Amino acid sequence: MVPTRSGLVLLAVAALVSGCARQARTDVRVQRPLKAPPAPASVPDLQADKVRIRAARFRAEQARTAVAKRWGLEEAPLTAPPAPVTKPRITTREGFEVDGHEEKGLPPVFTTIPTRQKIVFLTIDDGAEKDPAFLRMMSELKIPYTAFLSDYLVRPDYGYFRKMRDRGVVLDNHTLHHPHLPGLSYARQKHEICGMQDVIEKHYGTRPTLFRPPYGNYNEDTLRAAKSCGVEYAPIWNEEVFADHWEYREWDQRIHPGDIVLSHFRGRGDWKGTMPDMVRRFLNKVTAEGYAVARLEDYL
């Protein structure tokens, strides 16, 4: 039987309705509820945040100034910039090489970190003076430094340097007995250097990667021995600060960006002043010249 015209129309309408219904059901399935965008901060809220940030900075600066004044500084020390993500390439200073230095992969000997930033690095040697006031001063002022220790001086009070380590100071190698290393055989040099590696690992839990030869004197055997027991760098210094004066390596008698500054754990028995006196002289000079004190290990 041939469908009538009206029947065809009804079939077409039914198909259309059915298709629309299926489409509607499909549309419902794929729809996701929309999340309202976050409300923008109002102008008063933004202004309040800025005020709180400025107030926090002001309070921090006031606290730094108060601590500096309490320790007798002329002004608050400057804050070092963040540590570099990409470390500078450290090489041996020209004129400080030994034969085959780079070819043999010996630890580089350097006096300055290559940087254009106005920063310096404080390093303190041996361990004779164990002044509690020095620990408090450096902690309160938040001044970074690196200690190079000799066992014969540290041994009477390992605990003093443990407190130092607990404050974030890196303890590094300055030999067991502080000898003139180039005058010793390779075997004796290795004993002095690797023996101190063992002491620091035993008492402080880490094996140093930095080693400073006593008096800044070394030869090829020194650096070979140091490398054999895990030393990667042999920093020396470009200036030395005492309680009452500075000494300079360079002809211009000035500090420069990236310079390593040497001092010692010494007090009135050896100096015209105390370790806090030395720190005051050091900080007053570098701050007045626009330098901040950075952490040496952050650049290695």
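In this predicted model, a salt bridge joins K285 and E289, with the closest N and O atoms 2.8 Å apart. E289 has a relative accessible area of 25%, so this residue is partly exposed. Elsewhere, salt bridges with shared partners tie K104, E220, D221 and R224 together in one network. Side chains of opposite charge can pair when their charged atoms come close. In this structure, the count of such salt bridges comes to 17.

Another of these pairs brings D125 and R212 together, at 2.9 Å from N to O. The bridge links distant parts of the chain, for the two residues are 87 residues apart. D125 belongs to strand β2 (residues 119–126), while R212 sits in the loop between α6 and α7 (220–228). Are the two partners buried or exposed? D125 has a relative accessible area of 2%, so it counts as buried. R212 is buried as well, with a value of 0%.

Helix α8 offers a pairing within a single element. There, D277 and R280 form a salt bridge, and their closest N and O atoms are 2.6 Å apart. These residues are three places apart in helix α8, so about one helical turn separates them. R280 counts as partly exposed because its relative accessibility is 21%, and buried residues are those under 20%. A288 also lies in helix α8. With a relative accessible area of 55%, A288 is exposed. The C-alpha atoms of A288 and L78 are 9.5 Å apart in space, although 210 residues separate the two in sequence.

The next part of the picture is the packing of helix α8 against helix α3. Two packed helices are described by the angle between their axes and the distance between the axes. For α3 (residues 132–141) and α8 (residues 275–288), the angle is about 30 degrees and the axes are 8 Å apart. Angles under 35 degrees count as roughly parallel, so α3 is roughly parallel to α8. On the α3 side, the contact is made by A133, F134, M137, M138 and L141. The α8 side contributes M275, P276, V279, R280 and L283. R280 thus appears both in this contact and in the salt bridge with D277.

Which residues of α3 are buried? They are A133, F134, L135, M137, M138 and L141. Just after α3, K142 takes a positive phi of about 60 degrees. At the start of the helix, a side-chain oxygen of D131 reaches to within 2.9 Å of the backbone nitrogen of A133. D131 itself lies in the loop between β2 and α3. Not counting residues up to four places away in sequence, D131 touches Y160, T274, M275 and P276. M275 and P276 are also among the α8 residues in the contact with α3. D131 is buried yet has no salt bridge, and the nearest side chain of opposite charge, that of R136, is 6.1 Å away.

A comparable description applies to E192, whose place is in helix α6 (residues 186–204). What is the nearest side chain of opposite charge to this buried residue? That side chain belongs to R188, 6.2 Å away, and E192 has no salt bridge. The side chain of E192 does reach the backbone nitrogen of L176, at 3.0 Å. With neighbours within four places in sequence left aside, E192 is in contact with T175, L176, H177, H178, P179, L181 and L184.

Finally, R167 gives another view of helix α3. This residue lies in the loop between α5 (158–166) and β4 (170–173). R167 is partly exposed because its relative accessibility is 45%. Which residues does R167 contact, leaving aside its neighbours within four places in sequence? They are L135 and S139, and L135 is one of the buried residues of α3. With S139 there is a polar contact between side chains, at 2.8 Å. R167 and P144 are 23 residues apart in sequence, with a C-alpha to C-alpha distance of 9.7 Å.

Methods:
Residues are numbered from 1 along each chain as its sequence is written. This is a predicted model: local features need pLDDT of at least 70, side-chain atom pairs count only at pLDDT 80 or more; totals for chains, interfaces and linings use all residues. Side-chain values use heavy atoms; hydrogens and water are left out. Helices (H or I, at least four residues) and strands (E, at least two) are DSSP runs, numbered from the N terminus. Buried means under 20% relative accessible area, exposed over 50%, partly exposed in between (1.4 Å probe, protein chains only). Lys and Arg count as positive and Asp and Glu as negative; His and the chain ends are not counted. A salt bridge is a side-chain nitrogen of Lys or Arg within 4 Å of a carboxyl oxygen of Asp or Glu. A polar contact is a pair of N or O atoms within 3.5 Å; within protein, one must be able to donate a hydrogen and the other to accept it, and residues adjacent in sequence count only if both atoms are side-chain atoms. Contact means heavy atoms within 4.5 Å. Axes are lines fitted to C-alpha atoms, for helices over the stretch in contact, and angles run from 0 to 180 degrees between N-to-C directions. Angles under 35 degrees count as roughly parallel, over 145 as roughly antiparallel, 65 to 115 as roughly perpendicular and the rest as oblique.
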